[in-house]
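Got your viewer open and your selection box ready? Here's a short walk around one site, one pick at a time.

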Amino acid sequence: MKVKRAKFLHGEVHLPPDKSISHRAAMLASISEGVSKIENFSQSADCVSTLNCLKQLGVDIEIEGSSIIVRGVGKQSLRAGNGFLDCGNSGTTARLLSGILAGQNFESVLVGDESLSKRPMRRIIEPLEKMGARIESNEGCLPMKIYGRKPLDSISYKMKIASAQVKSCVLLAGLFAEGMTKVFEATTEDGKVIRTRDHTERMLDFFGAKIEKKQDSVSVSGDSILKARDFTVPRDVSAAAFFLVAAFCLDGSDIILRDVGINPTRRAIIDVLQLLGAKIQIEREREECNEPVADLHLVSDSERIDRPIVLKGEVIANLIDEIPIIAVLGTQTESLEVRDASELRVKESDRIALIVENLRRMGAEVEEFEDGFRVARSRLKGSRVRSGADHRIAMAFAIAGLMAEGETIIEDADCVAVSFPRFFETLEQVTVK
Ligand code: S3P
């Protein structure tokens, strides 16, 4: 995909539905009692992987435009699908679904694409085995065979890595365990609680599960019964991030993003932009499926606050998916350093390596660390960059291309479909050249 320098962004940005919330919505609706209509369900490749796996497990899911209708089978009636459950590129599908599969009295085999097959699964194998499931894997990676057990044992588990996927996996397994299953968030070296995104606990509550939330832990009761719900998925703040950063950096921009999920465990990108002086109005705040939602209006002007930014510690979990676009933002400010983010090395690609490589290709001054990078204000020049088949890298560097002199070519740009199939059309609609 070729991207040329832009003057500014203008207009309403039509964002995709939240991917994280869509995965959870489909999974919880599937094991609830009754029929759920979920409007504005994500059409991303990742969420399609989740729907296909659930269908294979015997759930009837109808797609009606941008909605899905899920005929829940309850907690007792999933059935072994024939063949492999293909999670595609989606870590959320593999890790969350494993929690549900661990509590079944049948065996399942999960597979994924080349990228997902390299991503670490021991982080979920360990707690699920503690709960009584037996799991065979390819040295801690997919393909992975789960020998489920009914019922599982409940556990109290403190996470070693700050991961919402691990937390969610254990909570979902907890629905099939005897007693209360409790998960503690990981802590930083100096003892601060790292609060990972809390969509699973919010949605469990919304579907009527018995849960207990504390500042550093969540518990779920194994005798919870989930009841079908009708609702609309908020739009994805992680998709909004690309447009917010672009509009902030390109003077004269004026964009509006409607119905965006502004969950406090996801919205740190808004705080970072505000630290730099961004004028983001948060309008019509409301709730949708137990999640805070609002319209965001960003008008850029030249009064930016130039200050060095250091992002590290407990904030990283709240902007983990935004770091590729934050790196691009870093080239337009005094300096920006990201630390404590070594998890980025095991995302859809080694994101630290690709951020550094691509920024250098575009002429930026950047230093690489094992757990992050530091970038200084730089004049970007159009160049050929590698997405590494990673959707967020492709989108971040498309935005970099809007700010660079000349033309930027993004290799393997089709991968944007993993989270935002209409990304390039949407960008085109609001870009003024
Ligand atoms: C996700 C959690 C994050 C995030 C991923 C989606 C989720 O992963 O990077 O894109 O939906 O729970 P980790 O929890 O493993 O950091």
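Start with Lys347 and the ligand: a polar atom in the Lys347 side chain is 2.7 Å from a ligand oxygen. Keep in mind that you're looking at a predicted model.

Now switch the ligand to a surface. On its own it has 380 Å² of accessible area, and the protein covers 95% of that. Bring up the pockets too, if your viewer draws them: the ligand is in the largest one.

Next, pick Ser20. An N or O atom of the Ser20 side chain is 2.6 Å from an oxygen of the ligand. Add Arg24, where a polar side-chain atom is also placed 2.6 Å from a ligand oxygen.

Time for the whole shell. Select Ser20, Arg24, Thr92, Ser163, Ala164, Gln165, Arg197, Ile320, Asp321 and Lys347, the residues around the ligand. Colour them by type and you'll get four charged, four polar and two nonpolar.

Which helices each supply at least two residues of that shell? Show the cartoon and look at helix 1 (19–30) and helix 5.

Stay with helix 5, residues 164–174. Is it covered or open to the outside? Mostly covered: 11 of its 11 residues are buried. Click through them and you'll pass Lys167 and Gln165 as well as Val166, Val170, Leu171 and Leu172, among others on the buried list.

Last stop: the start of helix 5. Zoom in on Ser163, where a side-chain oxygen comes within 3.2 Å of the backbone nitrogen of Gln165. Ser163 and Gln165 are both among the residues around the ligand, so leave the ligand switched on while you look.

Definitions and conventions: Residues are numbered from 1 along each chain as its sequence is written. This is a predicted model: local features need pLDDT of at least 70, side-chain atom pairs count only at pLDDT 80 or more; totals for chains, interfaces and linings use all residues. Side-chain values use heavy atoms; hydrogens and water are left out. Buried means under 20% relative accessible area, exposed over 50%, partly exposed in between (1.4 Å probe, protein chains only). Helices (H or I, at least four residues) and strands (E, at least two) are DSSP runs, numbered from the N terminus. A polar contact is a pair of N or O atoms within 3.5 Å; within protein, one must be able to donate a hydrogen and the other to accept it, and residues adjacent in sequence count only if both atoms are side-chain atoms. A residue is near a molecule or strand if one of its heavy atoms lies within 4 Å of it. Accessible areas come from the Shrake-Rupley method with a 1.4 Å probe; for residues, only the protein chains shown count as cover. On a 1 Å grid over the protein atoms alone, a cavity is a set of points where a 1.4 Å probe fits but cannot get out, and a pocket is an open set with protein on both sides within 12 Å along at least five of seven lines; lining residues have an atom within 4 Å of a point. A molecule sits in a cavity or pocket if more than half of its atoms lie within 2 Å of its grid points. Ala, Val, Leu, Ile, Met, Phe, Trp, Tyr, Cys and Pro count as nonpolar, Asp, Glu, Lys and Arg as charged, and the others, Gly among them, as polar.
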